[in-house]
Amino acid sequence: MMISLEDVFEFYSKSTSCGASFEPNLTWKEILECLQNSNAGDFAYATIGEGRDKKTLLHHHFSSICITGEDNDEIAVARMLIERSIDMGGSTVQLGRMQEHGDSVLAVSDYHGNTPLHSLFEPPSRQLSFIRYVELIIEMSARVDEKRKTSFYLNELMLQQDKLAGCTPLHDMADNDVIEYLAVSSVLKKCNNASGSQCLIHPLLQRSARGVLPIHFACFKADASGQWIEAFVGFLDSDYKVTYDTVFTCECHCRILKSFLHYHDEEFQQFCNDNNQWSPEESECDSLQQFLSLQCGSLQQILSSNEQMDNID
């Protein structure tokens, strides 16, 4: 028996609110067939929830506990939602107290300013592969660019800031431990190739409400590789811009050092236990950070020689 759009809405609502306890009652194949056979032409912009909780189906899809990034039908559902929104030529959507008009559902923000890309890339409590979703987003962005005769739609998407912290989807990518390097590099390389977007800054250079850049989030990861750090500095751009030199600043060095200290406190405790030739002040230190601060002053003072580079504006 063919399922209805109401069944699809209920599936998405529960798969984003019930957490790990949710047991799917529909398959992605069933959902795909339902959308393919639906007469409701505006389902791409349909919303679930009330007031501040109202979000599009694509928000819910990217937030769903059921997505893996590897199921063909699952990816096809996301493709259909985005393609249908592009074909509609942009629609006015009422979300909470907001009204938006865009070139695709990818640009629609919820009450809190989160787009579907924020929902996809935010640090999750789930494991999934992002490669195919990133490839899909890049492909759909190219379709919008073709329609508008531009080349920077992905940049626009990656610059959208949420209301709470002013973070962009690129901030979320930098802060997400499970996103593959290939997914990040694909997004940044596409953003690097944008042309005719002189009015837009590069997404790497967009600060949050507290002045934090994506590279700052990347630096605070305990297991961040040199390759990961280089991507968020801007080394992937074949036409490397001098502007990027100012991204890797005193703030970045400070965050890397703080991260190292935070994740190596156990080793420091063992080191303290193995050594008894400490001054009274040194022996009272509870952490490696306290010890280094005692020896060298604050971390910010240690790195202050680069402080004049910290303003990229």
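## A tour from Thr115 outward

Start by selecting threonine 115: this residue is buried, with a relative accessible area of 0%. Keep in mind as you click around that the model is predicted.

Now show the backbone on either side. Threonine 115 sits in a loop, with β4 (98–101) before the loop and α5 (116–121) after it.

What does threonine 115 contact, once neighbours within four places in sequence are left aside? Select His59, Leu106, Ala107, Val108, Ser109, Gln160 and Pro169, and you have the set.

From that set, pick Leu106 next. Leaving out residues up to four places away in sequence, leucine 106 touches Thr115, Pro116 and Leu117. Its other partners on that count are Leu58, Ile82, Ile137, Met140, Tyr153, Leu157 and Gln160. Gln160 is worth a click here, as it contacts threonine 115 and also leucine 106.

Which residues touch the most other members of the largest nonpolar core? Add Phe121 and Phe232 to your Leu106 selection: those three do, in a core of 71 residues. Then colour helix α6 (residues 131–148), which gives this core its largest share, eight residues.

Finally, zoom out to the whole chain. You'll be looking at 16 helices and four strands. Of the 313 residues, 48% are buried. Switch on the surface, and the accessible area is about 15,600 Å², with 47% of it belonging to carbon and sulfur atoms. If you draw the contacts with a separation of 6 or more, 68% of them are between residues 24 or more positions apart.

Technical notes. Residues numbered from 1 in each chain as written. Predicted model: local features only at pLDDT ≥ 70, side-chain atom pairs only at ≥ 80, totals over all residues. Heavy atoms only, no water. Helix = DSSP H or I, 4+ residues; strand = E, 2+ residues; numbered from the N terminus. Buried < 20%, exposed > 50% of the residue type's maximum accessible area, 1.4 Å probe, protein only. Contact = heavy atoms within 4.5 Å. Areas by Shrake-Rupley, 256 points an atom, 1.4 Å probe, with all protein chains shown as cover. Core = buried A, V, L, I, M, F, W, Y, C linked by side-chain atoms within 4.5 Å.
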